[in-house]
Amino acid sequence: MLQWTYEGVNSSIPRNQGPECANYLSTKRKIIETFFVSLFIIFCLSWGLKRMKLPKRIPYVNQDRTGKHILLFVMSLVLGMEIGFKLTSRTFIYFMNPCHMHTLVQIYLLAAPPSPIVTAVFRVQIYYLNGPLLAFLFPETESRYIFADKACYYIQHGLMIVIPYYLLRLGGVYNVEPLTDMSWPIFSYGLNLVYHFWILQPAALPVQVNLNHMLCPAVLDPFEGQYYRLWATTHQALLCPILGKIFCLFANFLLTKFPVTKVKPTLDYPMTRKEEDFTKSESQLTSDSDINGRTHSD
């Protein structure tokens with residue numbers, strides 16, 4: 001009944017679809033790996049949940065800005081085109097890939113009214129920027145034959161980096177935890193593994209489509225072999241938090257320190273429609289920010 005979602009997948013592309021890819025790892029190995037990774041998932045989620053904290057008071061200021069509407073429109077348009085291309089090519093199963101889910105999360109962040117949930121979701125998605133980075137470093141566009149389809153691939157992944165930077169620029173509910181706080185990245189990585197091993201893997205096996213390389217490694221994977229998924233679990237456990245923290249540090253430098261791009265005194269300072277008054281004394285800024293749950297990234 002759901003053949004229309006994957007019957008257009010190009011099996012001529014190496015390790016894209018088919019029994020050879022689906023049987024790259026034995027069933028026994030898949031079960032054992034999933035069991036031990038599940039134990040690691042439980043540890044990440046429980047450890048993170050016990051330590052995660054949100055600011056007690058977040059400034060709910062008017063941040064309904066033109067930039068948000070433009071980004072929301074463009075990202076929604078790009079995602080709509082992605083859905084259209086996948087429906088017409090009968091490859092809709094690829095919509096399950098993590099970057100599309102991340103895109104949906106960012107659309108929610110752009111559209112949702114300020115709330116503690118928005119802050120929590122924003123902090124979690126910061127640690128999924130490995131997706132667009134790897135998409136640019138190792139682009140997989142062999143099955144995209146139309147120029148507009150390939151263009152959507154690069155535009156979407158570019159916007160996935162632009163949007164969190166823009167939201168950090170707005171501040172307020174779009175804030176991050178202190179640099180030394182590892183609860184959010186560890187919890188985020190646990191959710192990442194949940195999606196890969198508990199959702200993508202069961203979805204990929206019956207249709208033999210290599211969703212995000214859960215069935216067999218990429219041709220250029222330097223860790224190719226029977227342990228490639230364990231290697232991926234390990235190096236992404238390092239890349240995801242490190243990349244997220246570097247992104248926050250870089251955004252903090254550009255938005256609060258670099259003279260050319262500086263727009264506010266602290267990273268969580270809420271930008272409003274009116275230009276911010278930078279004549280406040282440093283002591284007053286510190287006092288106000290502490291009341292509103294100030295966060296630092298330096």
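User: How many aromatic pairs does the structure hold?

Analyst: The structure, which is a predicted model, holds 10 aromatic pairs. One of them is formed by Y24 and Y228.

User: Why is the pair of Y24 and Y228 called edge-to-face?

Analyst: The ring centres of Y24 and Y228 are 5.9 Å apart and the planes make an angle of 85°. Rings pair if their centres lie within 6.5 Å, and planes over 60 degrees apart count as edge-to-face. Both conditions are met, and therefore the pair is edge-to-face.

User: What makes this a link between distant parts of the chain?

Analyst: Y24 lies in the loop between α1 (19-22) and α2, whereas Y228 belongs to helix α9 (residues 228-256). The two residues are 204 residues apart.

User: Are Y24 and Y228 buried or exposed, and how do you know?

Analyst: Y228 has a relative accessibility of 3%; buried means under 20%, so Y228 is buried. Y24 has a relative accessible area of 22%, which falls between the 20% and 50% limits, so Y24 is partly exposed.

User: Why do F40 and Y189 count as an edge-to-face pair?

Analyst: The ring centres of F40 and Y189 are 6.4 Å apart, and the planes stand at 65°. The distance is within the 6.5 Å limit and the angle is over 60 degrees, so the pair is edge-to-face. This pair also links distant parts of the chain: F40 is in helix α2 and Y189 in helix α8, 149 residues apart. F40, with a relative accessible area of 33%, is partly exposed, while Y189, at 5%, is buried.

User: Which residues form one aromatic cluster?

Analyst: The cluster consists of W4, F92 and F95.

User: How do you know that the charged end of R29 sits over the ring of Y227?

Analyst: The charged end of R29 is 4.7 Å from the centre of the Y227 ring. The distance limit for a charge over a ring is 6 Å, so R29 meets it.

User: Which residues form the nonpolar patch on the surface?

Analyst: The patch is formed by I32, F35, F36, L39, I42, W198 and I199, with about 700 Å² of accessible area together. The elements that give two or more residues to it are α2 (27-51) and α8 (183-207). The most comes from α2, with 5 residues.

User: What makes W198 accessible enough for a patch, and where is its place?

Analyst: W198 is in helix α8. Its relative accessible area is 40%, and patch residues need over 30%, so W198 passes that cut-off. At that value W198 is called partly exposed.

User: What makes the contact of S76 with the backbone oxygen of L72 a polar contact?

Analyst: A polar atom of the S76 side chain lies 2.7 Å from the backbone oxygen of L72. The limit for a polar contact is 3.5 Å, so the distance satisfies it. S76 is found in helix α3 (residues 66-88) and is partly exposed at 33%. S76 and L104 are 28 residues apart in sequence, with 8.6 Å between their C-alpha atoms.

User: Which phi values do Q208 and N212 have?

Analyst: Q208 has a positive phi of about 60° although it is not a glycine. N212, also not a glycine, has a positive phi of about 50°. Both Q208 and N212 are placed in the loop between α8 and α9.

User: Why are Q208 and N212 called partly exposed?

Analyst: The relative accessible area is 27% for Q208 and 33% for N212. Partly exposed covers values between 20% and 50%, so the term applies to Q208 and to N212.

Notes: Residues numbered from 1 in each chain as written. Predicted model: local features only at pLDDT ≥ 70, side-chain atom pairs only at ≥ 80, totals over all residues. Heavy atoms only, no water. Patch = residues over 30% accessible without salt bridge, like charges linked within 9 Å, V, L, I, M, F, W, Y side chains within 5 Å. Areas by Shrake-Rupley, 256 points an atom, 1.4 Å probe, with all protein chains shown as cover. Salt bridge = Lys/Arg side-chain N within 4 Å of Asp/Glu carboxyl O. Helix = DSSP H or I, 4+ residues; strand = E, 2+ residues; numbered from the N terminus. Buried < 20%, exposed > 50% of the residue type's maximum accessible area, 1.4 Å probe, protein only. Polar contact = N/O pair within 3.5 Å; in protein donor to acceptor, adjacent residues only side chain to side chain. Phe/Tyr/Trp six-rings, centres within 6.5 Å; stacked < 30°, edge-to-face > 60°. Lys NZ or Arg CZ within 6 Å of the ring centre and 35° of its normal.
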